[in-house]
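Here is a short set of exercises to work through with the model open beside you. Try each task before you read its solution.

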Amino acid sequence: SMNDLFEEKVLKVVAQIPLGCVATYGQIAQLIGYPRHARQVGKVLATSTKAVTYPCHRVVTSTGRLAPDWEEQGTLLWAEGVECKSNGCVDLKKYKWKAEETQL
């Protein structure tokens, strides 16, 4: 189904986010050819049963904010060398994955 295909594409991109980098929901939506579907990307990561085997902790909002109800996310990122600023957001200038569609 369309939903399964969308989920598959999202997870395929998440799998490629390098260690020490983060991607945003919107960036992933863009990379899979569904710009403006950031919210649906978030939904996949929050609800997919397969998502646990992917580095979903490397996905943040467009402001670098972490998932509100996932304490562990910051710890996992920190362990990979990604630090949060004092406001709790990841510094996207420093850590955002510079992905090209051509790499996918």
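**Exercise 1. An aromatic pair**

Start with Phe6: it is buried, with a relative accessible area of 8%. Keep in mind that this is a predicted model.

Task: Find which aromatic ring pairs with the ring of Phe6, and decide whether the pair is stacked or edge-to-face.

Solution:
- Step 1. Searching the whole structure gives one aromatic pair. Its members are Phe6 and Tyr34, with ring centres 5.2 Å apart.
- Step 2. The ring planes meet at 80 degrees, and planes over 60 degrees apart count as edge-to-face. The pair is therefore edge-to-face.
- Step 3. Now place the partners: Phe6 belongs to helix H1, while Tyr34 sits in the loop between H2 and H3. With their positions 28 residues apart, the pair links distant parts of the chain.
- Step 4. Compare burial. Phe6 is buried at 8%, whereas Tyr34 is partly exposed, with a relative accessible area of 22%.

**Exercise 2. A neighbour in the same loop**

Task: Look at Arg36 and work out what sign its phi has, and whether the residue is buried or exposed.

Solution:
- Step 1. Arg36 is in the loop between H2 and H3.
- Step 2. Its phi is positive, about 70 degrees, although Arg36 is not a glycine.
- Step 3. The relative accessible area of Arg36 is 77%. Exposed means over 50%, so Arg36 is exposed.

**Exercise 3. Two sides of helix H3**

Task: Sort residues of H3 (38-47) into a buried side and an exposed side, then say what covers the buried ones.

Solution:
- Step 1. The buried residues of H3 are Val41, Val44 and Leu45. They span an arc of only 95 degrees around the axis, which puts them on the same side of H3.
- Step 2. A rule of thumb helps here: an α-helix has 3.6 residues a turn, so residues three or four places apart point the same way.
- Step 3. Exposed on the other side of H3 are Arg39, Lys43, Ala46 and Thr47.
- Step 4. The cover over the buried residues of H3 includes helix H1 (2-14), helix H2 (25-31) and strand E2 (59-60).

**Exercise 4. Helix H4 and what follows it**

Task: Do for H4 (72-79) what you did for H3, and find which element its buried residues pack against.

Solution:
- Step 1. Gln73, Gly74 and Leu77 are buried in H4. Their arc around the axis is only 95 degrees, which puts them on the same side of H4.
- Step 2. Thr75 and Ala79 are exposed on the face turned away from that buried side.
- Step 3. The buried residues of H4 pack against E2.
- Step 4. After H4 comes Gly81, with a positive phi near 90 degrees.

**Exercise 5. Two buried residues and their contacts**

Task: For Val60 and Arg58, list the contacts made beyond the neighbours within four places in sequence.

Solution:
- Step 1. Val60 lies in strand E2 and is buried, with a relative accessible area of 0%.
- Step 2. The contacts of Val60 outside that sequence window are Val22, Ala23, Thr24, Tyr25, Arg65, Leu66, Gln73, Val90 and Leu92.
- Step 3. Arg58 is in the loop between H3 and E2. This residue is also buried, with a relative accessible area of 10%.
- Step 4. With the same window set aside, Arg58 is in contact with Ile17, Pro18, Leu19, Cys21, Val22, Ala23, Leu77 and Glu80.

**Exercise 6. Two pockets**

Task: Describe the lining of the largest pocket and of the second largest pocket.

Solution:
- Step 1. The largest pocket has a volume of about 380 Å³. Of its 19 lining residues, Leu45, Ala46, Cys56, Ala67 and Trp70 lie nearest the centre.
- Step 2. H3 and H4 are the elements giving two or more residues to this lining, and H3 has the largest share, with three.
- Step 3. By class, the lining of the largest pocket has 13 nonpolar, five polar and one charged residue.
- Step 4. The second largest pocket has a volume of about 240 Å³. Its lining includes Phe6 and Tyr34, the aromatic pair of Exercise 1.
- Step 5. Here H1 gives the largest share, five residues. The classes are four nonpolar, five polar and three charged.

Technical notes: Residues are numbered from 1 along each chain as its sequence is written. This is a predicted model: local features need pLDDT of at least 70, side-chain atom pairs count only at pLDDT 80 or more; totals for chains, interfaces and linings use all residues. Side-chain values use heavy atoms; hydrogens and water are left out. Buried means under 20% relative accessible area, exposed over 50%, partly exposed in between (1.4 Å probe, protein chains only). Helices (H or I, at least four residues) and strands (E, at least two) are DSSP runs, numbered from the N terminus. The arc is that of the directions from the helix axis to the C-beta atoms. Contact means heavy atoms within 4.5 Å. On a 1 Å grid over the protein atoms alone, a cavity is a set of points where a 1.4 Å probe fits but cannot get out, and a pocket is an open set with protein on both sides within 12 Å along at least five of seven lines; lining residues have an atom within 4 Å of a point. Grid points are joined across faces, edges and corners, and a volume is the space filled by probe spheres set on the points. Ala, Val, Leu, Ile, Met, Phe, Trp, Tyr, Cys and Pro count as nonpolar, Asp, Glu, Lys and Arg as charged, and the others, Gly among them, as polar. Rings of Phe, Tyr and Trp (its six-membered ring) pair if their centres lie within 6.5 Å; planes under 30 degrees apart count as stacked, over 60 as edge-to-face and the rest as tilted.
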